[in-house]
Amino acid sequence: IWTPSALHAYHSIHASWGKRCHILRFFIDPVIGDGKVGFYNQTEESDVIAAQKANLTLPDDVVILHDMKRPWHTCGSKENEEQNKPIGNCRNIFEKVWR
């Protein structure tokens with residue numbers, strides 16, 4: 001998940017891999033944010049606008065995978081069950097990267 005608190009990891013990857021690679025891309029789930037700034041689903045236009053208003057912008061090398069088949073936010077949470085929302089089959093994160 002893309003969150004402001006993880007920016008140090010983003011910059012660390014750039015500092016190390018950026019020296020060895022010509023192009024870096026960061027593939028993320030469509031839901032961004034955290035408990036402090038809120039969660040925003042970037043597949044919904046209203047959430048895209050709300051994220052911009054919350055000053056939650058993404059660098060140009062971040063790619064949102066809108067057709068994610070196993071997003072983290074549907075991994076069988078009790079809230080999803082209570083609201084009759086779909087429950088995902090969350091497997092290894094590397095499956096997300098290598099597709």
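How many residues does the hairpin that joins S2 to S3 pass through? The hairpin runs through 3 residues, and we will come back to its two strands after a look at the whole chain.

A word on what you are seeing: this is a predicted model, in which local features need pLDDT of at least 70 and side-chain atom pairs count only at pLDDT 80 or more, while totals for chains, interfaces and linings use all residues. Residues are numbered from 1 along each chain as its sequence is written, and side-chain values use heavy atoms, with hydrogens and water left out.

Let us begin with the overall plan. The protein has 4 helices and 4 strands; helices (H or I, at least four residues) and strands (E, at least two) are DSSP runs, numbered from the N terminus. Along the sequence they come in the pattern α-β-β-β-α-β-α-α. The protein has 99 residues, and 28% of them count as buried. Here buried means under 20% relative accessible area, exposed means over 50%, and partly exposed is in between, with a 1.4 Å probe and protein chains only. The accessible surface comes to about 7200 Å², and carbon and sulfur atoms account for 55% of that area; the areas come from the Shrake-Rupley method with a 1.4 Å probe, and for residues only the protein chains shown count as cover. Contacts (heavy atoms within 4.5 Å) also say something about the fold: among those between residues at least 6 apart in sequence, 53% join residues at least 24 apart.

Now back to the hairpin. Strand S2 (residues 31–34) and strand S3 (residues 38–41) pair in the antiparallel sense over 4 bridges, where pairing requires that DSSP finds at least two bridges between two strands. Val-31 has Asn-41 in S3 as its bridge partner, and Asp-34 has Gly-38. In a regular strand the side chains alternate between the two faces of the sheet. Both faces of S2 are covered: Val-31 and Gly-33 are buried on one side, and Ile-32 and Asp-34 are buried on the other.

Just past S3, in the loop between S3 and H2, you will find Glu-44. Glu-44 is partly exposed because its relative accessible area is 40%. Its C-alpha is 9.2 Å from that of Pro-30, and the two are 14 residues apart in sequence. Asp-47 lies in helix H2 and, at 19% relative accessibility, counts as buried. Leaving out residues up to four places away in sequence, Asp-47 touches Phe-39, Tyr-40, Asn-41 and Gln-42.

What lies inside? The largest nonpolar core has 11 residues: Trp-2, Tyr-10, Leu-24, Phe-26, Ile-28, Ile-32, Tyr-40, Ala-51, Leu-56, Val-62 and Ile-64. S1 and S4 are the elements that give two or more residues to this core. Such a core is a set of buried Ala, Val, Leu, Ile, Met, Phe, Trp, Tyr and Cys residues joined through side-chain atoms within 4.5 Å. One of its members, Leu-24, is in contact with Ile-13, His-14, Trp-17, Gly-18 and Asp-61, leaving aside neighbours within four places in sequence.

The aromatic residues deserve a visit of their own. A pair of aromatic rings is described by the distance of the centres and the angle of the planes. Rings of Phe, Tyr and Trp (its six-membered ring) pair if their centres lie within 6.5 Å; planes under 30 degrees apart count as stacked, over 60 as edge-to-face and the rest as tilted. The structure holds 2 aromatic pairs. Trp-2 and Tyr-10 make an edge-to-face pair, 5.4 Å centre to centre with 80° between the planes. Trp-2 is buried at 8% relative accessibility, and Tyr-10 is buried at 9%. The rings of Tyr-10 and Phe-26 have centres 4.8 Å apart and planes at 50°, so this pair is tilted. The pair links distant parts of the chain, with Tyr-10 in helix H1 (residues 7–17) and Phe-26 in strand S1 (residues 26–28), 16 residues apart. Phe-26 is buried too, with a relative accessible area of 13%. Trp-2, Tyr-10 and Phe-26 form one aromatic cluster.

One last stop is Asn-55, in the loop between helix H2 (45–53) and strand S4 (62–64). Most residues other than glycine have a negative phi. Asn-55 has a positive phi, near 60°, and at 65% relative accessibility this residue counts as exposed.
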